[in-house]
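Reader: I am in my first year of study and should be grateful for a close look at a single part of this structure. Please choose one helix and explain how it sits within the whole.

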Amino acid sequence: MTGTNRPAPARAGVTRGMRWHAWAHPLRRTTLRTRLVFAVVALVAVLGVVISLVSALFLQRYLVQRLDGQLSYAASRGEAVALSAIGTPGGVSATDLLRQVVSARGLSPGTYAALMTADGHTYSVYLSSDPAATPHSASPDASSTIAAVPDDGTPTTVDLGGDLGQYRLVAVELPQSAELVIGLPLADVNATTAQLLTIILLVTAVAIAVAGGVGLLTVVLALRPLDRVAATATAVSRLPLDRGEVALAVRVPEQYTDQRTEVGRLGAAFNQMLGHVASALSARQASENKVRQFVADASHELRTPLASIRGYAELTRRAPEQLPPDAVRALGRIESEAARMTALVEDLLLLARLDEGRELDRRPVDLSRVVVDAVSDAHVAGRDHVWTVDLPPDPVTVLGDEPRLYEVVSNLLTNARVYTPEGTRVTVELRVDREAGRPHAVLTVADDGPGIPEELQPVLFERFARGDSSRSRHTGSTGLGLAIVRAVVEAQGGEVGVESEPGSTRFTVRLPLHESADPPAAAVED
């Protein structure tokens, strides 16, 4: 049964680890510069305190040893005076004997003397710090303290209380079972020790301040290459490395890549890594350029044979001779597939041109009219959907390429029509946003269909991205529509986004408003 207690040490270890983790957690959130300076200051502080304590301890011991030498002389001197007084005919009183002892030549002010007689009485006097003062009796409360002083001649530190404080006492045996106790004050020893301790602590405080300043300057200079590495990494992180031609010329300066230092090796390694990344990006860009050039060339070359196929199919179908029904149906399929392939080729060619950075036309375009035309065409193609348009009372004018903008709206409406079931309501809204900086035209295409899967939304605007079966397809799709939407909108200086959940999908396009466009007038009800 004793085995049930064994997990306790493990729990104790976990508790200690958690306490250490809680204590060390704030340090991990501070900068390396702060931790290094803190370590230097803490080390100087600890060394200063240790040096102060050790110095004070050794000084006190040295001064006490000197005081013990003086005490030994005072004891022998007092013993001689006491024996001389005791041998005087008729004798002297205990108080007078003690006064003679503390007043003896060679004894310093503050000398304390006590006499314990054979009958158990204790008498004590001391000489104050004023040499001209008369010795006077000490407090009788020190009797029990004096009695504790060993009689083997060993100096003992005793606190006599009151104004006397700490004394170093030694006992001397006298005739008739009497005992003489001589003492010297420790006030000077304690004051000297405290003064030394104060001076060392003040010097330590100054040293801590100097060490903190010098340490901070040293750490800042030593970690400057690390700051340069961080600045270079920040500059690289802001570069558009995901697409397009990338000129990765940012490097850590050569003076911060000294292989003889740790931070220099870090800078050199970072530059080497950037070199590899630049080579990889260049290889990727070269490969993409080849693919884009191939797509552009292939698309351009396919336009002529596709037009020929459609022309010959139409010419054959219009021949005066009556063709069999199967041949007519086959020619119709040839024309429809040729038209579909032509649309795919045109989309690929448009994307290739946009990838090459070719600018589109930038003329004032009435976006309201473009939306009306696109919705009208979508209504004809999708009569099983409910189409709603919400336009401002005044025209919304943007700078752009009107055919391309029509294609943007048409692709969004086609996407809503193709990937939603019958009866779905599609709402198209156009408004002007003048709140944040430059005014924008905001086009929203929303539907109450089944929504877009969450895992598909991040890649929805990529090429050849298609929804799964949850957004059922009624017609064929190339998967390039939304890619064209994003490419055209970005080429026009705008942005496009999507928000979707089951029962609600919203595409939002923001385009810069034409600068010379008049602000919209107040809405007037029809």
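Author: Let us begin at the end of one helix: α10 is followed by glycine 493, which has a positive phi, near 85 degrees. The model in which this appears is a predicted one.

The helix itself, α10, spans residues 481-491. Its buried residues are Leu482, Ala483, Ile484, Val485, Ala487, Val488 and Val489. What lies over these side chains and backbone atoms may be asked next. The cover over the buried residues of α10 includes two helices, α7 (325-355) and α9 (402-418), together with two strands, β12 (495-501) and β13 (504-512).

The wider setting is as follows. The protein chain contains ten helices and 13 strands. It has 526 residues, and 34% of them count as buried. Among contacts with a separation of 6 or more, 64% are between residues 24 or more positions apart. The accessible surface of the chain comes to about 30,900 Å², and carbon and sulfur atoms account for 57% of that surface.

A single residue in another helix offers a second example of burial. Threonine 232 is placed in helix α5, which covers residues 187-237. Threonine 232 has a relative accessibility of 5%, and the limit for a buried residue is under 20%; therefore threonine 232 counts as buried. Apart from neighbours within four places in sequence, its contacts are Val250, Arg251, Val252, Phe270 and Leu274.

Technical notes: Residues numbered from 1 in each chain as written. Predicted model: local features only at pLDDT ≥ 70, side-chain atom pairs only at ≥ 80, totals over all residues. Heavy atoms only, no water. Buried < 20%, exposed > 50% of the residue type's maximum accessible area, 1.4 Å probe, protein only. Helix = DSSP H or I, 4+ residues; strand = E, 2+ residues; numbered from the N terminus. Contact = heavy atoms within 4.5 Å. Areas by Shrake-Rupley, 256 points an atom, 1.4 Å probe, with all protein chains shown as cover.
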